[in-house]
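Colleague: Got a minute to walk me through this one? I'm new to reading models.

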Amino acid sequence: MSQLLESEENTPLLKGDVDSDDDAYKSRWRSIRVMYFTMFLSSVGFTIVITSIWPFLQKIDGTADASFLGWVVAAYSLGQMVASPLFGLWSNHRACREPLVCSIFINVSANIYYSYLNLPTSENKYHMLMARIFVGFGAGNVAVVRSYVAGATSLKERTSAMANMSACQALGFILGPALQAGLSVVGETGLSVPIIKLEVNMYTAPALLAACFGVINILLVILVLSREHFVDDHGRQIRSINDISEERVSVPLDGEGDIDQIAVVTSNVLFFIIFFIFAIFETISTPLSMDMFAWTRRQAVLYNGIILACIGFESIFVFIAVKVISQRVGDRPVLLGGLVIIFCGFFLLLPWGNQYPKIQWADIHNNSLPQQVMASAVLAPNATVEPTGCPADQVWCLYTPAIHLAQYLTSDFIIGVGFPACNVMSYTLYSKILGPKPQGVYMGWLTASGSGARTLGPVFVSQVYRLLGPRWAFSLICGIVLAAILLLAGMYRRLIAFSVRHGRIEE
């Protein structure tokens, strides 16, 4: 990871004559690295407690059911969706460090709130819901981060910087569950700190660690972002609209001309579809594997966790490759190629053949089984045997062919290539379309569209999959991806950089 970040200053790609002042150049990239760290912490804050939310919710409030868990998981994205445009608007008119410090402080406070969820005597589940909403609200600073990095890099630097930022985000998604797993050694009882009425256990320790990370992040923002940087598409230092310092030497803002609003809307739609599809992929992996491979709950969590971690590491290599490929062929071909790869991944998941999944409890109705086996099966729900296979109440299990393990793993690998390429290219291209103008509000809407997708995706797929099965679910997803490909192809000529559109830079 350190080599990835160090490459910014050492590769010919970034060592142009964009900064005559070497100190300003180093200061600019120090501030960008703080943004990388902020993005990393944002993703860690989402995943560091995600695997322990359900048992913690059951522990603090026995009235909570699985449907309420869905709201708790969605609460993060809802909070982020509301906050992103607000923090983006703030960053357009004031120094970026102001909304950053405020948002991180909210995040720290929300994690501390989460650590005290055992204290209320009733309605604890609603306290957890509010805590996760505020954690998501604090994560709305992603819009500010993307806006700042876009404004602090030239066109040539931007793809590389955005790829590095996405790699940091992916690393956070990987390390979050790993940190949770490491802190599980504390146990459910843990230790108590009576003076402040705090219980430190396997559920609260990750939130407290996230709060400590947030405090470090605030200090870095205050110390390193005392001087903010804003450059034009050529990399020349200019004065941003939100710059409140008087020390900066500036050149006129080369931002005359209108933004192509159709390209902006198209980019938001594509970003929504990309995150909608990946949210579906994350949500469906556990129930699909349990139904098709007869995995137990424990096996599904373990094996899918390993698979997602591998996809996370895979995405880091994809980000590195994207930095090189996009410089040779451009951003739009990489985005189009990524969508085609995602389409292939979901198309591969369509059920084929004449083999069918194991039906849960089917053996009970098989009169040819010995009586003792039938008795054992009947007693299993109340004993120690967990029922496995495709539940008989899902009617499609009776006539839908099984998805094979090799088919599932290959699809995961393919989607793990397509999604990160689409992810980084979508908002890199978006930032170039906006040009050398304050991008806070626009980035806020982009982040909000991604958050909305992560909220709606799980709801959509859970209903379609439960009622109609994987054939319909993946067919609809393939149709959505195909629509995104056609949209990108139709708007291909409009999705160009602001400076290219106005003839200031040749494509």
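Modeller: Sure. One term to begin with: buried means under 20% relative accessible area, exposed means over 50%, and partly exposed is in between. Also, this is a predicted model.

Colleague: Okay. How many helices and strands are in the protein chain?

Modeller: The protein chain has 17 helices and four strands. Of its 507 residues, 53% are buried. Its accessible surface is about 22,300 Å², and carbon and sulfur atoms account for 66% of that.

Colleague: What about contacts between residues at least 6 apart in sequence?

Modeller: Of those contacts, 80% join residues at least 24 apart.

Colleague: Let's pick one helix. How many residues has α9?

Modeller: Helix α9 has 20 residues, 205-224. From first C-alpha to last, α9 reaches 28 Å. That is close to the 28 Å expected at 1.5 Å a residue.

Colleague: Which residues of α9 are buried?

Modeller: Among them are A207, A210, A211, G214, N217, I218 and V221. A205 and P206, in α9 too, are also buried.

Colleague: I see steps of three and four in those numbers. Why would residues three or four places apart point the same way?

Modeller: An α-helix has 3.6 residues a turn, so residues that far apart point the same way.

Colleague: And what covers the buried residues of α9?

Modeller: The cover includes helices α2 (22-47), α5 (97-115) and α8 (155-183). Strand β2 (198-200) is also part of the cover.

Colleague: Zoom in on A211. Why does A211 count as buried?

Modeller: A211 has 6% relative accessibility, so A211 counts as buried. Leaving out residues up to four places away in sequence, A211 touches V108, N111 and I112. A211 and I112 are 99 residues apart along the chain, yet 6.8 Å separates their C-alpha atoms.

Colleague: Now L219, also in α9. Is L219 buried or partly exposed?

Modeller: Partly exposed, because its relative accessibility is 48%. L219 also belongs to a nonpolar surface patch, together with V215, I222 and L223. That patch is about 390 Å².

Colleague: Back to α5. Where does N107 fit in?

Modeller: N107 lies in helix α5. N107 has a relative accessible area of 15%, so N107 is buried. Beyond its neighbours within four places in sequence, N107 is in contact with V135, G138 and A139.

Colleague: Any lysine worth a look? Say, K432 in α14. Is K432 buried or exposed?

Modeller: Buried, because its relative accessible area is 11%. K432 sits in helix α14, residues 405-434. Aside from residues up to four places away in sequence, K432 touches L155, R158, T159, D331, A497 and F498.

Colleague: New topic: confidence. What does the pLDDT average over the protein chain?

Modeller: The average is 80, and 84% of the residues score at least 70. Helix α12 (residues 331-348) has the highest confidence, at 94. Helix α13 (residues 371-379) has the lowest, at a mean of 40.

Colleague: What about residues 9-20?

Modeller: There the pLDDT is below 50. The stretch still has 26 contacts in the model beyond near neighbours in sequence. Residues 244-255 also stay under 50, with 32 contacts beyond four places in sequence.

Colleague: How should I read the predicted coordinates where pLDDT is low?

Modeller: Not in detail.

Technical notes: Residues numbered from 1 in each chain as written. Predicted model: local features only at pLDDT ≥ 70, side-chain atom pairs only at ≥ 80, totals over all residues. Heavy atoms only, no water. Helix = DSSP H or I, 4+ residues; strand = E, 2+ residues; numbered from the N terminus. Expected span 1.5 Å × (residues − 1). Buried < 20%, exposed > 50% of the residue type's maximum accessible area, 1.4 Å probe, protein only. Contact = heavy atoms within 4.5 Å. pLDDT = per-residue confidence, 0-100. Patch = residues over 30% accessible without salt bridge, like charges linked within 9 Å, V, L, I, M, F, W, Y side chains within 5 Å. Areas by Shrake-Rupley, 256 points an atom, 1.4 Å probe, with all protein chains shown as cover. Salt bridge = Lys/Arg side-chain N within 4 Å of Asp/Glu carboxyl O.
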